[in-house]
Amino acid sequence: MQTVVSGSPKLKWRFYVAMLLVVALVFPTLPPMSEAASTASSIKPVYINSNSYVKLDSADILSTSKGKTASFTITLYNGGSKAINLQDYWFRLASTSGTKYTLYMLDSDKTKKTVQANSNVTLTFYSELPSSMTLPKLIFKVVKFDFNVAGYEKTLGQFKFPSDYSTDVKAGGYTSVKLNSTPVNIRISKSTMSTSTDNNTVNIELAMRNTSSSELSIANLQFLAQSAAGGMYKMKVTSTTSGTAEAIVLRPKILEKIKLSITLPKSVSTKGQKLVITQGISSGSGESASTLSLPVSKIGYNLKTANTTTATNYEYIKDDYTYKMNVASIQRNTWGGEDSLIGKLVITNTSSKTAPIPAVEGSLYLGDNAAVKTTIIPFTNPVAIPAKSSITIYYTGTVPTTTSLADLKLKLFEKSGESQTELAALKTPAAIVPKSIAIGSENNVNDIGENFTVNVMKTQLLEGTSNNLYAIYMDVTNKQARALATTKLVGYLKTADGDKYDIKLMKTSNLINSGKKEQIIVTAEVPKQLELGGATVVMGTAFNAQGIVKKDDAEITGFVNPVSYALPEYNQTITSDFSKVQVGPYTINMDNIITYLTDDKIDVDFSGQVTKDLSYEGFSAKKFTFAIEDQSTNLSMINSPFELEGTAGTAGQYVWKVGNNYTNIVQSVTDKLVAKTIQLNIYEEINGYKTKLVSKNIKWSPYLNWADPNNKE
């Protein structure tokens with residue numbers, strides 16, 4: 001369409017001015033090209049034929065202790081109908097002054113030999129360069145092997161880098177990179193800083209999305225904070241949504257969050273910092289083997305320190321109600337390889353009438369900006385606060401075990417719909433030291449709706465093939481007025497040297513009546529030679545997202561109100577008395593044991609009475625083993641497991657009930673070695689570990705009752 005302007009010159013002039021104004025509005029002023037940094041996308045590809053080309057995906061350079069390392073990622077696209085043999089195409093690197101540098105291909109790319117029709121292949125190269133080198137001083141050449149030219153190399157094209165070339169991503173931006181030929185989008189979703197007297201702690205939340213359809217491991221990535229002065233500082237991975245801190249995994253199509261942290265002295269400026277991501281690769285072999293770091297991306301970030309009101313107590317006024325809030329205590333408990341923090345917030349209604357629960361939520365922070373993922377432990381669910389009374393809310397979060405709590409705060413936020421307003425940052429007291437319970441003393445628990453006592457009764461060391469099992473027998477007495485399942489206690493075993501070992505709890509889900517007991521067994525697998533003198537077990541009430549844990553198979557988030565129990569020395573005295581064998585709450589009087597040998601069998605008559613302490617309504621220890629052995633040669637002739645009040649019919653297991661019992665054990669000796677000097681042994685057994693309770697040297701005899709203390713070998 002053609003626009004025609006007619007009329008007087010004055011009208012024409014007005015028309016042109018109006019058109020210029022329209023153009024100015026529709027197409028706002030753009031910055032000159034010289035103000036926008038050049039990137040790989042601005043560098044033209046090199047065509048190797050009419051429909052196939054080599055495109056530069058990225059190029060970067062990184063300072064190292066030996067100089068600099070440059071990396072180049074290219075994509076070769078085959079638009080033809082036949083496969084391209086990659087061995088026909090070579091790549092060369094040289095400086096603008098003509099100095100040649102060796103290019104190395106990543107090992108993972110060396111298996112790529114061809115590019116199929118209508119497809120592409122991505123290759124990554126690297127080169128070690130002098131410290132004075134920059135990308136604008138380099139030329140990356142694409143050559144083809146050709147016998148018809150001198151040197152057999154025909155240059156098809158080259159990549160030159162403008163003086164303003166940069167791969168840096170500005171704060172708030174994102175980038176797409178290829179890791180092991182897999183496209184990954186990267187951005188910084190959060191950057192905060194907490195400040196102490198001498199240091200600044202930088203916390204970065206990195207968002208990474210693997211856009212392919214296959215899982216990608218990025219264990220070889222490193223994350224560094226780069227100061228404006230060029231200093232490089234390795235950041236620590238504090239958490240990741242997939243994999244572990246040492247082996248991060250990017251699941252396909254899922255946005256993964258990786259949290260990074262580093263503490264730097266205040267002499268390192270926080271302005272103009274960048275996150276540098278590098279990829280570690282192995283170079284060379286044998287004695288010349290080394291690890292190189294290749295640049296992946298550099299992303300800028302801005303750090304801000306929030307201004308908050310910091311106090312020990314906070315007064316909150318809402319409508320006609322006034323509340324006082326303070327952090328009564330902080331607990332720090334080792335759990336699951338990290339430290340579980342538990343903050344006890346007390347909210348007091350200072351008004352003269354019952355008040356609703358205020359719409360205030362708490363969140364743990366390290367400093368002003370480093371948020372700890374915080375949740376409420378729903379021990380109780382109050383709906384109101386009586387006048388002049390208080391409620392307690394427990395908040396929990398996890399931190400690495402090396403984290404300092406010197407600047408731990410509990411921030412309070414007022415909730416209104418989807419928005420929240422920060423009210424205050426409450427100072428927290430030092431983490432409490434677990435209460436100590438001396439040997440022979442009782443621990444009374446009366447908190448968070450629980451009321452029970454705990455007594456350590458004895459310890460035992462059971463032997464295994466490669467480790468031992470340290471067992472702690474504890475009585476838990478229900479002090480509530482109703483029958484209920486006892487609380488699950490969890491924690492860790494701590495030696496006198498400070499080493500910690502995971503523990504497991506053996507308990508039932510039985511309802512324990514008021515005033516009755518449950519015997520629980522705390523076990524820890526320990527090395528054979530571990531010194532256990534002076535050991536303690538630190539245990540508290542297990543909790544999860546639903547509150548207090550009672551079921552043995554329930555998921556556990558952590559534990560609260562830890563107590564350190566001093567442990568008595570385990571008594572491994574072995575008796576020859578079969579009349580008072582103690583297994584859990586059971587006492588066994590083995591009154592008749594006759595063992596005799598024929599030409600083809602071993603025949604054992606075994607009888608006794610079982611009694612049970614009826615003050616126990618829950619217990620796990622109820623297994624023992626009857627064994628005839630020659631321990632000088634490790635020869636076992638009889639090894640028969642028994643379960644007290646167990647389920648009849650279990651293969652290979654005998655069952656004794658409360659009352660009188662008789663068992664006849666017969667075993668063929670056709671294919672078995674039999675010793676003449678033998679021991680009769682009774683073992684207590686827990687999860688395959690054994691401890692010897694009774695042992696007596698005997699001989700084969702159809703007449704002698706070895707349960708009689710007067711009969712001796």
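## A cavity and its walls

Strand E37 (450-463) and strand E38 each supply at least two residues of the lining of the largest cavity. E37 gives the largest share of that lining, 3 residues. The model you are looking at is predicted, so every value here is computed from predicted coordinates.

How many cavities of 30 Å³ or more does a search of the whole structure find? The search finds 4, and the largest has a volume of about 80 Å³. To find that largest cavity on screen, look for its lining residues, including Glu 450, Asn 451, Phe 452, Val 476, Asn 478 and Lys 550. Leu 484, Ala 485, Thr 486 and Thr 487 are also among the residues that line the largest cavity.

## Charged pairs

Side chains of opposite charge can pair when their charged atoms come close. In this model, the count comes to 15 salt bridges. Let's visit a few of them.

Start with Lys 110 and Asp 107, which form a salt bridge whose closest N and O atoms are 3.1 Å apart. Lys 110 has 45% relative accessibility and counts as partly exposed, while Asp 107, with a relative accessible area of 54%, is exposed because its value is over 50%.

Next comes the salt bridge between Lys 257 and Glu 205, where the closest N and O atoms are 3.6 Å apart. This pair links distant parts of the chain, 52 residues apart: Lys 257 sits in strand E20 (residues 255-265) and Glu 205 in strand E14 (residues 199-210). Is Glu 205 buried or exposed? Glu 205 counts as buried because its relative accessibility of 13% is under 20%. Its partner Lys 257 counts as partly exposed, at 27% relative accessibility.

Lys 517 and Asp 475 meet through their side chains in another salt bridge (3.8 Å, N to O). Here, too, distant parts of the chain are linked: Lys 517 belongs to strand E42 (residues 517-527) and Asp 475 to strand E38 (residues 467-478), 42 residues apart. Both Lys 517 and Asp 475 are buried. Elsewhere, salt bridges that share partners join Lys 55, Asp 57 and Lys 178 into one network.

## Nonpolar cores

The largest nonpolar core has 33 residues, and those touching the most other members are Ile 588, Met 590, Phe 606, Phe 624, Phe 626 and Ile 628. Several strands each supply at least two residues of this core, among them strand E47 (586-597), strand E48 (601-612), strand E50 (623-630) and strand E55 (689-698).

Which residues does Phe 606 touch, leaving aside residues up to four places away in sequence? Its contacts include Met 590, Ile 593, Phe 624, Phe 626, Phe 642 and Trp 656, as well as Asn 592 and Thr 663. Apart from the largest core lies another, of 32 residues, among them Leu 76, Leu 123, Leu 129 and Leu 135.

## A look at Asn 85

Asn 85 lies in strand E4 (residues 84-85). With a relative accessible area of 33%, Asn 85 is partly exposed. A polar atom of the Asn 85 side chain lies 3.0 Å from the backbone nitrogen of Gln 87.

Asn 85 also touches Lys 113 and Thr 114, not counting residues up to four places away in sequence. The C-alpha atoms of Asn 85 and Val 115 are separated by 6.7 Å, with the two residues 30 residues apart along the chain.

Key: Residues numbered from 1 in each chain as written. Predicted model: local features only at pLDDT ≥ 70, side-chain atom pairs only at ≥ 80, totals over all residues. Heavy atoms only, no water. Salt bridge = Lys/Arg side-chain N within 4 Å of Asp/Glu carboxyl O. Buried < 20%, exposed > 50% of the residue type's maximum accessible area, 1.4 Å probe, protein only. Helix = DSSP H or I, 4+ residues; strand = E, 2+ residues; numbered from the N terminus. Core = buried A, V, L, I, M, F, W, Y, C linked by side-chain atoms within 4.5 Å. Contact = heavy atoms within 4.5 Å. Polar contact = N/O pair within 3.5 Å; in protein donor to acceptor, adjacent residues only side chain to side chain. 1 Å grid on protein atoms, 1.4 Å probe; cavity = no way out; pocket = protein on both sides within 12 Å on 5 of 7 lines; lining within 4 Å. Points joined across faces, edges and corners; volume = space filled by probe spheres on them.
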